[in-house]
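Please look through the chain below with me before you read the numbered points, which move from a single pair of strands to the whole protein.

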Amino acid sequence: MNRRRFLTTLLLGGTALAAGGGALLTRGAGGEALAATFAVNKTAAEWQKILPKESYEVLRLASTEYPGTSPLLKEHRKGVFACMGCALPLFASQTKFESGTGWPSFYQPIAKTVVIENRDDSHGMVRVEVQCSRCGGHLGHVFDDGPKPTGLRYCMNGAALKFIPAA
Ligand SMILES: [Zn+2]
């Protein structure tokens with residue numbers, strides 16, 4: 001499958017623009033974010049070496065884990081959910097909620113600048129993809145049917161996240 005596609009950024013923050021990222025991102029033929037756009041850059045081989053297989057497939061190839069499979073669904077301690085690829089803190093435990101979808105869900109990221117949101121027309125749907133702003137890793141999608149206070153549902157792949165309990 002040719003996963004090449006052009007993604008228009010719907011930047012919530014100004015980080016990528018401020019960093020000279022421009023308004024248009026793209027992905028390589030393998031689905032991986034093009035390296036030059038991000039602060040943390042690795043080749044596919046380097047990512048494969050440091051990431052578990054499922055995390056690699058989600059983060060670098062934008063695949064989706066089977067719902068209900070992530071151990072993070074049952075993670076209810078206080079702490080931070082960080083990017084599995086580059087360890088950037090992405091979501092605080094206080095913003096996690098039970099969506100019933102089978103994927104870890106949050107109503108907002110730790111800061112608007114830690115994620116990049118892109119229109120995603122793949123699989124015959126129009127969705128908004130969520131990427132890590134530091135390594136470009138694919139995290140999941142964001143939908144507008146979440147709870148208060150934001151009304152947003154960040155539907156994340158657990159394989160893209162690493163939980164760090166509060167000290
Ligand atoms: Zn990352």
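1. How many bridges join strand 9 (residues 138-143) to strand 10 (residues 153-156)? There are four bridges, and the two strands run antiparallel; one bridge partnership links valine 142 with tyrosine 154 of strand 10. Strands here are DSSP runs (E, at least two residues), just as helices are runs of H or I with at least four residues, and both are numbered from the N terminus.

2. This is a predicted model, in which local features need pLDDT of at least 70, side-chain atom pairs count only at pLDDT 80 or more, and totals for chains, interfaces and linings use all residues. Residues are numbered from 1 along each chain as its sequence is written.

3. Strands 9 and 10 belong to an open sheet of six strands in the order 5-6-10-9-8-7, with antiparallel pairing, where two strands pair if DSSP finds at least two bridges between them. Strand 5 (96-97) and strand 7 (115-120) are the edge strands, each pairing on one side only.

4. The protein as a whole has three helices and eleven strands, and from the N terminus its elements run β-α-β-α-α-β-β-β-β-β-β-β-β-β. Of its 167 residues, 36% are buried, meaning that 20 or more other C-beta atoms, placed from the backbone, lie within 10 Å of the residue's own.

5. The average pLDDT (the predictor's confidence in each residue, from 0 to 100) is 85, and 78% of the residues score at least 70. Over residues 1-25, however, the pLDDT is below 50. Where pLDDT is low, the predicted coordinates should not be read in detail.

How values were computed
Contact = placed C-beta atoms within 7 Å. Buried ≥ 20, exposed ≤ 12 C-beta atoms within 10 Å, placed from the backbone.
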